Amino acid sequence: MMELRTVVATLEGGEQDTVLKVLQLYNREKSQCFTFDDEEREERKKMAQLLIKFLERELQPSCQVTCLESIRILSRDKHCLEPFATKGGLRTLSRHAGIDYCEELIREVPDLDVILESLKCLCNIVFSSPRAQELTAEARLVVGLAERIKLYNERSLPHDVKFFDLRLLFLLTALRVDVRQQLAQELRGIGLMTDTLELTLGVKWLDPYEVATEEALLPPLPRQETERAMEILKVLFNITFDSSKREVDEEDAALYRHLGALLRHCLMIRADGEERTEEFHSHTVNLLGNLPLKCLDVLLTPKVRPGSLEYMGVNMDAVSVLLGFLERRLDRGHKLKESLTPVLNLLTESARVHRQTRKFLKAKVLPPLRDVRNRPEVGNSLRNKLVRLMTHIDTDVKHCAAEFLFVLCKESVSRFVKYTGYGNAAGLLAARGLMAGGREEGEYSEDEDTDTEEYKEAKPNINPVTGRVEEKLPNPMEGMTEEQKEYEAMKLVNMFDKLSREQVIQPMGITPSGTLAPMENALRDMADERSSSDSDLGLD
């Protein structure tokens, strides 16, 4: 077993061949070590300082790689990062990675194994050290990374180097807002990363916004290309985070549409294996949700071709894939907030802005009602699964599911209640001020909802709260005298009054604006509304 103090003493001696042998032995022993002994922490810090100093000397590439492997092992220890997270230490590592930013770029390209080990070290250090994050942002490491990524088309770099370039870029943009902005704006990162994605996927274009995709003939995307594509999608997600919320000019819109067409292609292809495909599609969906809404039309742009799914003359292949993705996530039931809300939001916004998408989704998710014997949340249809989410414990999940169904109902309260039941719908209606009915101001066509014969027949017996047919219950007051009815009514009033005064419940009423408010406030608002309308009519 190699003693740490022996390694430190050898490094202090500084004889290159001896250091190389000792470090090789240390690296072999510790290659799978991810937990570290607290007692040797100071020795490890000393070793880290000496390694950085040793790396600054003129060394053979094989010796540099060995030294960097030792740094990578030490960089797994979060308590041992101080010697690396310095201006000098990070400059040394970024120089060996070939991404040290300086005004007169073209430097001698280091050995590829040296580049790779340096990148791995930087990824570990940046991930775990806030100080390193700050210093790499100040040193403009993102510029050096962007310069190398621009050359991917011209230079034949191995997969691992490209992968860790992209992983480091992802970490920098995830952890530093200033780096995110610098890449997006100053370095035109959206165009750069879109071009890199296009290169990685090896696509051919049929039209400006349509990739040549013959799904049945395309082999799965190979593992290495999938890994790089996912890192690119994650970087793009970071730098487009606010795009959907702002207005974009025509030039930016063309850029986002180009990216959207590539993302549609990503949805239509498979990766190597089901799990990898699911992960690849998940990153694609997350990024699609960041695109400006007006640019989502590229999902429907491709012409209808033999074998494609056509609805109202439009190619619905991509929307169908998204719906299948949603259903698989629903069935998995794991981490619903992270896995469901991006695809639900994307489908909701697509349905809001594209009439054909909404009508297609409505036909699939909310087909004309036939089963009105069971509650809307009972069963295995997509509608049942989504209605169940409307009472989920997580507010975001609950809101997203309700919003999606509400948009499919053209934001009509009566239609929404018909498909979900008033009890399930109440949360969204209360939040929107629609408890008293009505409709949101949306741009929807006037076509009517078509009712099946089964629904028309059962409609008079449907309980609007539960959304299903219920047997009529016997009238509990049947056979009572008027005095007995009055007595029971007063008893009920007194019970409610007691519960209210003891603050067990709070009676609520619906205000004229359709929101819920404590009963006394609701009554006062209604009285104010009435007196104001009386005065408008000139009544005393």
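Hi everyone! Let me start with a term: a salt bridge is a side-chain nitrogen of Lys or Arg within 4 Å of a carboxyl oxygen of Asp or Glu. Please keep in mind that what we are looking at is a predicted model.

With that rule, the count comes to 36 salt bridges. Let me walk you through a few.

Take R329 and E278: their closest N and O atoms are 3.5 Å apart, so they fit the 4 Å limit. R329 sits in helix α15 and E278 in helix α14, and the pair links distant parts of the chain, 51 residues apart. Are these two buried or exposed? Both R329 and E278 are buried.

Next, R352 and E403 form a salt bridge with their closest N and O atoms 2.8 Å apart. R352 belongs to helix α16 and E403 to helix α19, so this bridge ties together parts 51 residues apart in sequence. Here E403 is buried, at 10% relative accessible area, while R352 is partly exposed, at 27%.

My third example is R276 with E227, at 3.8 Å between the closest N and O atoms. That pair joins helix α14 to helix α12, across 49 residues. R276 and E227 also belong to a network of salt bridges together with R223 and E279.

Now to helix α11, residues 189-201. Its 13 residues should span 18 Å at 1.5 Å a residue, and the end C-alpha atoms are indeed 18 Å apart. The helix is mostly covered, with 11 of the 13 residues buried, including I190, L192 and M193. Just after α11, G202 has a positive phi of about 60°.

Thanks for listening!

Definitions and conventions
Residues numbered from 1 in each chain as written. Predicted model: local features only at pLDDT ≥ 70, side-chain atom pairs only at ≥ 80, totals over all residues. Heavy atoms only, no water. Helix = DSSP H or I, 4+ residues; strand = E, 2+ residues; numbered from the N terminus. Expected span 1.5 Å × (residues − 1). Buried < 20%, exposed > 50% of the residue type's maximum accessible area, 1.4 Å probe, protein only.
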